[in-house]
Structure formats: C-alpha cells, structure tokens
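Please look at the sequence and the 3D structure below. The paragraphs that follow go through aromatic rings, helices, core, cysteines and charged pairs.

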Amino acid sequence: MQFEIVKNAMTDSTPAAPQPPFCTNCGNAVAKQAIVCMSCGARPFEHKKFCRQCSVKLNPEQVICIQCGAFVTGCDFVGASPADTTKKLNTYFKVMWITLVVALVASPFYHIAIGLAFGVITLIVSLVYCCMLHYQLWKLIPRDIARTTPGIAVGFLFIPFFNFYWCFVSYFGLSKDLNKTLRQRGISHQVSEGLGLSCAIFSVLSWVALIDDSILSVLITVAGCIVCIFFYKSVKDGAIALLEQEQ
C-alpha cells in the first residue's frame, strides 16, 4: 500500500514530455507562435536539422521523418498556425477580388471626380491585398523548392521594364513551384500553371494598355482582371490543400 502511494507520488511529480512543435534548428520545444527559438536564436521552422513533430535528428536529404512520418520540408508557419494562415489567405483573396470588381464596375464613372477618386481608392486597396496574398503564397513554398523569396517575388514586380520579365518568374513560377511542393507531399490537388502563364502575359499587356485608350485596351484590362482572380483562386486553393495536411 505504501509502495503504491510512493509510486503514484513519483508518477505525479514526473514532468510531462515536451509537446510539438520543436525547433527545426536545435530540436528544443518552442511555442506554436514563436518567431525566434529561445534556445538557439534561429527562426524555428525554417531548417531541416530536427523534425518539427518529434525532434529526432534528421539527415539533410530526408523528406519524411522515419520516426513519426511527418514531412520535414514543411512550410514556414512563423507567427501563425496553419488554420490562421488559411483564414488569412481567404480574407486577402476575398478583399482583393471584391475591390477589383468594384473598381471595374465603377470605371464608366471615372470622368466624374468622385467616381475617379472612388475607383483609385478601390484599386489601391485591391493592389495592397493582392501583394499581401502573393507574399503569403510564396512564403508557403519550402526554401529548397522556391526559386525566389517572398519579398523579392513581390518587390521586383514594381521595377519598370524589368517587371516584364519578372512577371513570368513571380506568377508562372509560383504555380510551378507550388505544384512541385504539392507533388512532393503526395497531395493530388494541382494548381493551374496555364492560369499562371496567362496572368504573367496579361500583366505585361496591361502596362502596354496604359498608353492606349482604345476598346482593345479596355478588353485587355478586363480580361486580365478576370484571369488574375481565377489564378489567385487556383493557387490559394492549392496552398490551403497544403495547409490542411499540416493541421
């Protein structure tokens, strides 16, 4: 009887084993929302030295942890859980396409000062949320697959003339790299690379259309906006499929 009491007391006082996630640089437990690992000072979910789920040491060429079966080329969820990131992507996409459609609908009234001001404001809001969405989508692609960084993917789109080339890297490349990530994870969902290529082409044509006010430029602008919405819908859904695997 006394032995059982002592045994229970020892069991109750034994600290619980650390729960995931673990820092992928040093293997110590970290908070889910951690931006920096308090043990090693590195960003906790951007490395491949230790498994995020079980903290076992990994080999550089490993794709799957043989200890727990988790994928080790995981997405970077720094500062947000997969569920929070999914919600953020849906919000960015919704605001982006609604404000873009509103700006197009209001375009016949741009000859009026109020109509022009309203159109400019909605276009700016749409552009801001489009950039935020684009950045988040690139952020989800593992570093060993992504052909560029999220900041460069967005920032270089604003460099005059060079952005004619960069559109194909940033848009078409996003669809290709995201598909590569999905295939590596064994996820059947695929992003439309055709829409990625079309979005890049219309992005270039939209700059050309700015110097022309013909009906052709209007059609190019409208078609480009429609392609843009469907492209981001495709890559957003692909990203959410990737996020659902991490939950």
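Phe156 is partly exposed, with a relative accessible area of 31%; here buried means under 20% relative accessible area, exposed means over 50%, and partly exposed is what lies in between, with a 1.4 Å probe and protein chains only. This is a predicted model, in which local features need pLDDT of at least 70 and side-chain atom pairs count only at pLDDT 80 or more, while totals for chains, interfaces and linings use all residues. Residues are numbered from 1 along each chain as its sequence is written, and side-chain values use heavy atoms, with hydrogens and water left out.

Phe156 has a ring partner, Phe162. Rings of Phe, Tyr and Trp (for Trp, its six-membered ring) pair if their centres lie within 6.5 Å; planes under 30 degrees apart count as stacked, over 60 as edge-to-face and the rest as tilted. The centres of the Phe156 and Phe162 rings are 5.7 Å apart and the planes stand at 80°, so this pair is edge-to-face. Phe162 is partly exposed as well, at 33% relative accessible area. Ring pairs join Phe156, Phe162, Tyr165 and Trp166 into a cluster. By this rule the structure has 9 aromatic pairs.

Another of the pairs consists of Tyr171 and Phe231, whose ring centres are 6.0 Å apart with planes at 85°, so it too is edge-to-face. Tyr171 belongs to helix H5 and Phe231 to helix H7, so the pair ties together parts that are 60 residues apart in sequence. The helices are DSSP runs (H or I, at least four residues), numbered from the N terminus. Tyr171 is buried at 12% relative accessibility, and Phe231 is buried at 0%.

Tyr171 also appears in the largest nonpolar core. A nonpolar core is a set of buried Ala, Val, Leu, Ile, Met, Phe, Trp, Tyr and Cys residues joined through side-chain atoms within 4.5 Å. The largest one has 39 residues, and those touching the most other members are Leu89, Leu133, Leu137, Tyr171, Tyr232 and Val235. At least two residues of this core come from each of helix H2 (82–105), helix H3 (113–139), helix H5 (162–184), helix H6 (193–209) and helix H7 (215–246). H7 gives the largest share, 12 residues.

What is Leu89 in contact with, leaving aside its neighbours within four places in sequence? Counting contact as heavy atoms within 4.5 Å, the partners of Leu89 are Leu133, Gln136, Leu137, Leu140, Lys236, Ala239, Ile240 and Leu243. Another core, of 5 residues, lies apart from the largest one and includes Cys23, Val30, Ala34 and Cys37.

Leu89 is one of the buried residues of H2, and so are Tyr92, Phe93 and Met96, among others. The expected span of a helix is 1.5 Å times one less than its number of residues. For the 24 residues of H2 this gives 34 Å, which agrees with the 35 Å between its end C-alpha atoms. For the 27 residues of H3 the expected span is 39 Å, and its end C-alpha atoms are 39 Å apart, which agrees. Buried residues of H3 include Gly115, Gly119, Leu133, His134 and Leu137.

How many disulfides does a search of the whole structure find? It finds 0, where a disulfide is a pair of cysteine sulfur atoms within 2.5 Å. The cysteine sulfur closest to that of Cys37 is in Cys26, 3.6 Å away, which is too far for a bond. Cys37 is buried, with a relative accessible area of 2%. Cys40 is partly exposed at 34% relative accessibility.

Charged side chains come last. A salt bridge is a side-chain nitrogen of Lys or Arg within 4 Å of a carboxyl oxygen of Asp or Glu, and by this rule there are 4. In one of them, Arg147 meets Asp177 at 2.8 Å, N to O. Arg147 sits in the loop between H3 and helix H4 (150–155) and Asp177 in helix H5, so the pair ties together parts that are 30 residues apart in sequence. Arg147 is partly exposed, at 45%, whereas Asp177 is buried, at 4%. Glu193 and Lys176 form a salt bridge of 3.8 Å, N to O; Glu193 is in helix H6 and Lys176 in helix H5, 17 residues apart.

Within helix H7, Asp237 and Lys233 are 4 residues apart, about one helical turn. Salt bridges with shared partners join Lys233, Lys236 and Asp237 into one network.
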